[in-house]
Amino acid sequence: MTESSFSERVYELVCRIPQGSVATYGQIAALAGNPRNARVVGYALHSNPKPGVIPCHRVVFRDGSLAPGFAFGGPERQRELLEDEGIRFIPPKDGESKPAGADGWLVDLSRCQWKA
């Protein structure tokens, strides 16, 4: 699979994430046929050719943290978009390791993760 066809598959999958749900980078990578390419999913979404059409804000880190480099307004904007869709956030637990993505509250994956 070429990089461009992988990116196209990523965009197709992300478009299928329903409003009010999120997927993880690893989940999208696995569904696209390359489970170890979560980082490549991030690169593809950072180059989203159709912002506002391809809902890249619905993809989060494995622990529910948001992308510190969210290309379309930063993690604050990503959270705002998700909250507008009804996504629930939970506070980080004291003593837990640093989040995989941006610091702050985490998406409640137990309630909001896409069951693809």
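In this predicted model, Thr24 makes contact with Val59, Val60, Phe61, Arg62, Leu109 and Gln113, once residues up to four places away in sequence are set aside. Thr24 belongs to strand β1, which covers residues 23–24. With a relative accessible area of 8%, Thr24 falls under the 20% limit and is therefore classed as buried. Its partners are thus a convenient place from which to start a tour of the fold.

Stepping back to the whole protein chain, the secondary structure amounts to 5 helices and 4 strands. Their order along the sequence is α-β-α-α-β-α-β-β-α. The radius of gyration is 13 Å, close to the 13 Å that the globule rule gives for 116 residues, so the protein chain is as compact as a globular protein of that length. The C-alpha trace spans about 40 × 25 × 25 Å along its principal axes. Buried residues make up 41% of the 116 in the protein chain. Among contacts with a separation of 6 or more, 62% join residues 24 or more positions apart. The accessible surface of the protein chain is about 6600 Å², and carbon and sulfur atoms contribute 49% of this area.

Attention can now turn to the empty space. Rolling a probe the size of a water molecule over the atoms reveals where such space is left. The largest pocket holds about 450 Å³. Two elements each supply two or more residues to the lining of this pocket, namely α2 (25–31) and α3 (38–46). Helix α3 is the main contributor, giving 6 residues to the lining. In total, 18 residues line the largest pocket, and those nearest its centre are Tyr25, Ala38, Arg39, Gly42 and Phe61. Phe61 also appears among the contacts of Thr24, which links the strand residue described at the outset to a residue of the pocket lining. Sorted by class, the lining comprises 11 nonpolar, 5 polar and 2 charged residues.

Helix α4 offers two further residues for a closer look. Arg79 sits in this helix, which runs over residues 74–84. Its relative accessibility is 24%, which lies between the 20% and 50% limits, so Arg79 is counted as partly exposed. Beyond its neighbours within four places in sequence, Arg79 touches Leu66, Phe89 and Trp105. For one of these partners, Phe89, the C-alpha atom is 8.9 Å from that of Arg79, with the two positions 10 residues apart along the chain. Glu80 is likewise placed in helix α4. At 40% relative accessibility, Glu80 also lies between the two limits and therefore counts as partly exposed. From Glu80 to Trp105, the C-alpha to C-alpha distance is 12 Å, and the two are 25 residues apart in sequence.

The last residue considered here is Ala102, found in the loop between β3 (89–90) and β4 (106–107). Because its relative accessibility is 11%, under the 20% limit, Ala102 counts as buried. Apart from its neighbours within four places in sequence, Ala102 is in contact with Ser65, Leu66, Ala67, Pro68 and Pro75. Leu66 is also listed among the contacts of Arg79, and this residue is therefore shared by the loop residue Ala102 and the helix residue Arg79. The C-alpha atoms of Ala102 and Gly69 are 8.4 Å apart, although 33 residues separate the two along the chain.

Terms used:
Residues numbered from 1 in each chain as written. Predicted model: local features only at pLDDT ≥ 70, side-chain atom pairs only at ≥ 80, totals over all residues. Heavy atoms only, no water. 1 Å grid on protein atoms, 1.4 Å probe; cavity = no way out; pocket = protein on both sides within 12 Å on 5 of 7 lines; lining within 4 Å. Points joined across faces, edges and corners; volume = space filled by probe spheres on them. Nonpolar A, V, L, I, M, F, W, Y, C, P; charged D, E, K, R; others polar. Buried < 20%, exposed > 50% of the residue type's maximum accessible area, 1.4 Å probe, protein only. Contact = heavy atoms within 4.5 Å. Rg over C-alpha atoms; globule rule 2.2 N^0.38 Å. Areas by Shrake-Rupley, 256 points an atom, 1.4 Å probe, with all protein chains shown as cover.
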